[in-house]
Amino acid sequence: MLPLVHLIVALIAILTFIALNGLILVYVERKVAGFIQRRPGPFEVGPHGLLQPLADALKLVGKQLVMPRGADRILFWVAPLLSFAPVAICLLPIPFGPHLLGLDVNLGLLLVLAFSGLNVLALCLAGWGSNNKYALLGAARAVAQSVAYEIPLLLSVLCVAFTCGSLSFVDITASQTRGLLSWNVFSQPLAFLIFFVSALAETNRAPFDLPEAESELTAGFHTEYSGMGFGLFFLAEYSYMIVVSAVASVLFLGGWSGPFFSGHWWMLGKIYTLILIMMWFRWTYPRVRFDQLLNICWKWLIPLSLINLLGTALIINLVR
Amino acid sequence: MKGLWSLIVGLKVTGKEFCRPWITVHYPRQEVTNLDTFRGHIDLVPVLDDPEKPLCIVCRRCEEVCPSSCIRIEGHVPGEEKEAPVRQLLLVSNIMLPHSAAREPICATDKTLRVLDGFSLNYNLCSLCGLCVQSCPVSSLTFSSDVYLAGASRKDFEFDLLQRLRDRAGSTKLKKAA
């Protein structure tokens, strides 16, 4: 009985966390974008524009839910839900603090990677269900991008799993509590970089936001969505940013441990620092062309991550 | 490797820009300091001796050249009757007045004295192209720096420029008296 209650409480906490973060991150993104471009950003709605995300949310919720003619009704409406739903599950096995853990599974890493793969399916459904050839092409490119970058993501994560000998987030965090230099980013810097770049590509973020850019230019997988459908995709994107930053913090940056006063504040600090760096990247780099995107993945990230993996395996075998 | 280093350089550039102050002039909390360089709607220029009398000679070149038909001019030759069918100012947006000989631009060698009775500008249509200012032979039109305009209806942007000239003259008189 108690584990069930624990799980339900954790789910409610995580959903609240995601919702709040959705609001905060939208505001922070727009403010950061503004400041980098030397302009104020949202300012009028509420003091310094603090109520802007609420106004945006109200607008999205209040809009009419339109479905194009000939669109597949089920697929069309399942796509945004499928994009947003796995986020809660992805955040469950991640330890936010020494005693803040939703679900203690010894395959936490596998769980997160598996469920974040459902986002790819949501893109497929959105593109196909829209009955729009441009949406379909946009979705096909988005899926190609996501699938391609899954591989270096997994390979870099495997390196960490090799060094720690476990797929459980709790064990990985525990192996990094021996001081600042025991963090995996110092023993696996290349894996951290590959993970971060692949994570950016997985969440359709920063220089790899071809699916979203297409919707500004010609069309993308979420062309036909307005109001809440788009809102869910949008929220899902920010939530996946949190998931990916949380996983990166746990795997490479030591999770909730810090050189002094370890606790959940360190975890949150690391997550938000990584998210700010993602935003920084977005407003620095131009968008990558589709063939350049796949070339980076196939010609650079995969060979590098394979070499890293081999090197790690070699060193571990020599040490043991 | 140079490519990778350029990525870091890019990050440094945007990082520095983040910390720099805004370039935006945050109206209405701040205002622009060089308002004279702004191009607002046109205003009439008075003669040197009499601030209430415009330089305008009612040649109607500005009315003719305006591509958006924003300007409507009322004038008369002293001594003659004012043109009968059009007494009051007409401000009809987007409707061309029927062709009338009385509203044709005056020939360049015509030396008849004309008096301006009314000069209306429909700022809803004006594109600030400046053809009117450019084509005035006596430089009776100039751009104002009246840029902080906000209104709730189209009527708020239909200006009576002759009245504005007189108001400016009146306020200058008040300032001089004070």
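Where in chain B is the place of P28(B)? P28(B) lies in the loop between α1 (2–19) and β1 (42–44) of chain B. The legends below start from that loop, in a predicted model.

**View 1. A cis peptide bond precedes P28(B).** The bond runs from Y27(B) to P28(B). Its omega is near 0 degrees. The loop that holds P28(B) links α1 and β1 of chain B.

**View 2. V58(B) and R60(B) have positive phi values in the loop between β1 and α2 (61–65) of chain B.** Phi of V58(B) is about 55 degrees, although V58(B) is not a glycine. For R60(B), also a residue other than glycine, phi is near 65 degrees. Are these residues buried or partly exposed? V58(B) has 22 C-beta neighbours inside 10 Å, so it counts as buried; the cut-off is 20 or more. R60(B) has 18 other C-beta atoms within 10 Å and is partly exposed.

**View 3. An open sheet of 3 strands in chain B.** The order is β2-β3-β5, and the pairing is antiparallel. β2 (71–76) and β5 (158–160) stand at the edges. Each has a single partner strand, so one side of each is left without a neighbour in the sheet. From one strand to the next, the twist averages 15 degrees. Strands of a sheet pair through backbone hydrogen bonds.

**View 4. The pairing of β2(B) with β3(B).** β3(B) covers residues 115–122. The two strands pair in the antiparallel sense over 6 bridges. Opposite G75(B) stands L116(B), in β3(B). Of the 6 residues of β2(B), 5 are buried, so this strand is largely enclosed by the rest of the structure.

**View 5. Chain B as a whole has 4 helices and 5 strands.** From the N terminus on, the elements run α-β-α-β-β-α-β-β-α. Chain B has 178 residues, of which 16% count as buried. Take the contacts in chain B between residues at least 6 apart in sequence: 81% of them join residues at least 24 apart.

**View 6. The contact between chain B and chain A.** Chain B gives 11 residues and chain A gives 9 residues. How do the residues on the side of chain B that touches chain A divide? There are 4 nonpolar, 5 polar and 2 charged residues on that side.

**View 7. Helix α5(A) and its buried face.** This helix spans residues 108–116 of chain A. Its buried residues are G108(A), L109(A), V112(A) and S116(A). Seen down the axis, they fall within an arc of 105 degrees, so they line one face of the helix. Among the elements of chain A that cover them are α4 (86–91), α6 (118–129), α7 (133–164), α8 (169–174) and α12 (227–252).

**View 8. Helix α3(A) and its cover.** α3(A) spans residues 73–84. F76(A), A79(A), P80(A), L82(A), S83(A) and F84(A) are its buried residues. What covers them includes α4, α6 and α12 of chain A.

**View 9. Helix α12(A), largely enclosed.** α12(A) has 26 residues. It reaches 37 Å from its first C-alpha to its last, close to the 38 Å expected at 1.5 Å a residue. Of its 26 residues, 23 are buried, so α12(A) is largely enclosed by the rest of the structure. G254(A) follows the helix, with a positive phi near 90 degrees. α12(A) is also part of what covers the buried residues of α5(A) and of α3(A).

Definitions and conventions
Residues are numbered from 1 along each chain as its sequence is written. Chains are lettered from A and ligands numbered from 1 in the order in which they are written. This is a predicted model: local features need pLDDT of at least 70, side-chain atom pairs count only at pLDDT 80 or more; totals for chains, interfaces and linings use all residues. Two residues are in contact if their C-beta atoms, placed from the backbone, lie within 7 Å. Ala, Val, Leu, Ile, Met, Phe, Trp, Tyr, Cys and Pro count as nonpolar, Asp, Glu, Lys and Arg as charged, and the others, Gly among them, as polar. A residue is buried if 20 or more other C-beta atoms lie within 10 Å of its own, exposed if 12 or fewer, and partly exposed in between; C-beta atoms are placed from the backbone. The arc is that of the directions from the helix axis to the C-beta atoms. The expected span of a helix is 1.5 Å times one less than its number of residues. Two strands pair if DSSP finds at least two bridges between them. Axes are lines fitted to C-alpha atoms, for helices over the stretch in contact, and angles run from 0 to 180 degrees between N-to-C directions.
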